[in-house]
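Here's a walk through the fold, helix by helix, with a stop at a few side chains along the way. Have the viewer open as you read.

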Amino acid sequence: MSYNTIYPRNGQDKKSYVEKRRKDDWITITIKVIGIVGWVFIIAILSIVDSAKPGQEDWLTRLTGAEVSHHWNLALLPYGLFLLIFVLVVTVFGIIFNRMRHRRKTDRYNISVIILCVGSFIGLIYYIIRFGELIF
């Protein structure tokens, strides 16, 4: 019996399946990289939106007499939109790659890429509804 034998469940024969893959192939590595890059871009989008939003007056700004902006920085908002579109397109390709790789019983979908895809789609819809009149 090989050390790569997958032990059966529910009374299956012990030698019914032997894992022949020794390491990750390029599709699996690409899916993992897409997940990591997607989260990095989501963090970038959140920081762009945080930088673009109006400032809030607190005790330090009142103490120093600093001016607080009461308007959105319209120059930064399109960058967040383009990054959301980019994340959505890349994660859709990641799901397609994951589907190409999903042929054996032991293959699994990368949940991180699916969450990124759904989240970026919902975020894109919200972004267009919330900031559409400011951007377009």
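Helix α3 has 25 residues and reaches 36 Å from its first C-alpha to its last, close to the 36 Å expected at 1.5 Å a residue. The expected span here is 1.5 Å times one less than the number of residues in the helix. Helices themselves are DSSP runs of H or I with at least four residues, strands are E runs of at least two, and both are numbered from the N terminus.

Before going on, a word on where this comes from: the model is predicted, with local features needing pLDDT of at least 70 and side-chain atom pairs counting only at pLDDT 80 or more, while totals for chains, interfaces and linings use all residues. Residues are numbered from 1 along each chain as its sequence is written, and side-chain values use heavy atoms, with hydrogens and water left out.

So what's tucked away in α3? The buried set includes L77, G80, L81, L83, L84, V87 and L88, and V90, T91, G94, N98 and R101 are in there too. Buried means under 20% relative accessible area, exposed means over 50%, and partly exposed is anything in between (1.4 Å probe, protein chains only). These buried α3 residues pack against α1 and α4, where contact means heavy atoms within 4.5 Å. F93 also lies in α3, but it counts as partly exposed because its relative accessibility is 47%. Its C-alpha is 9.7 Å from that of C117, 24 residues away in sequence.

Now for α1, residues 26–52. This helix has 27 residues and reaches 38 Å from first C-alpha to last, close to the 39 Å expected at 1.5 Å a residue. Its buried residues are I27, T28, I31, I34, G35, G38, I42, I45, I48 and A52, and they pack against α3 (77–101) and α4 (111–135).

How do the helices sit against one another? The table has the axis values; axes are lines fitted to C-alpha atoms, for helices over the stretch in contact, and angles run from 0 to 180 degrees between N-to-C directions.

| Pair | Axes come within | Crossing angle |
|---|---|---|
| α1 and α3 | 9 Å | roughly 165° |
| α3 and α4 | 9 Å | roughly 155° |
| α1 and α4 | 9 Å | roughly 30° |

For α1 and α3, axes that cross at roughly 165° make the two roughly antiparallel. With α3 and α4 crossing at roughly 155°, that pair is roughly antiparallel as well. The roughly 30° between α1 and α4 makes them roughly parallel. The cut-offs: under 35 degrees is roughly parallel, over 145 roughly antiparallel, 65 to 115 roughly perpendicular, and the rest oblique.

As for handedness, α1 passes α3 in a left-handed crossing, α3 passes α4 in a left-handed crossing, and α1 passes α4 in a left-handed crossing too. Left-handed means the near helix is turned anticlockwise from the far one by less than a right angle; clockwise would make it right-handed.

Which residues meet where α1 faces α4? On the α1 side they are I31, I34, G35, G38, W39, I42 and V49, and they meet S112, V113, I115, L116 and Y127 in α4. Further along the chain, I128 lies in α4 and is partly exposed, with a relative accessible area of 40%. I128 and L81 are 47 residues apart in sequence but 8.0 Å apart in space, C-alpha to C-alpha.

Then there's L76, in the loop between α2 (59–64) and α3. It counts as partly exposed because its relative accessibility is 25%. Leaving aside residues up to four places away in sequence, L76 touches I48, S51 and A52. The C-alpha atoms of L76 and D50 are separated by 9.9 Å, with their positions 26 residues apart along the chain.

D50 also forms a salt bridge with K53, the closest N and O atoms being 3.3 Å apart. The term means a side-chain nitrogen of Lys or Arg within 4 Å of a carboxyl oxygen of Asp or Glu. A search of the whole structure finds one salt bridge. Both partners are partly exposed: D50 at 47% relative accessibility and K53 at 40%.

Stepping back, the chain has four helices and zero strands, running α-α-α-α from the N terminus. Of its 136 residues, 28% count as buried. Among contacts between residues at least 6 apart in sequence, 67% join residues at least 24 apart.
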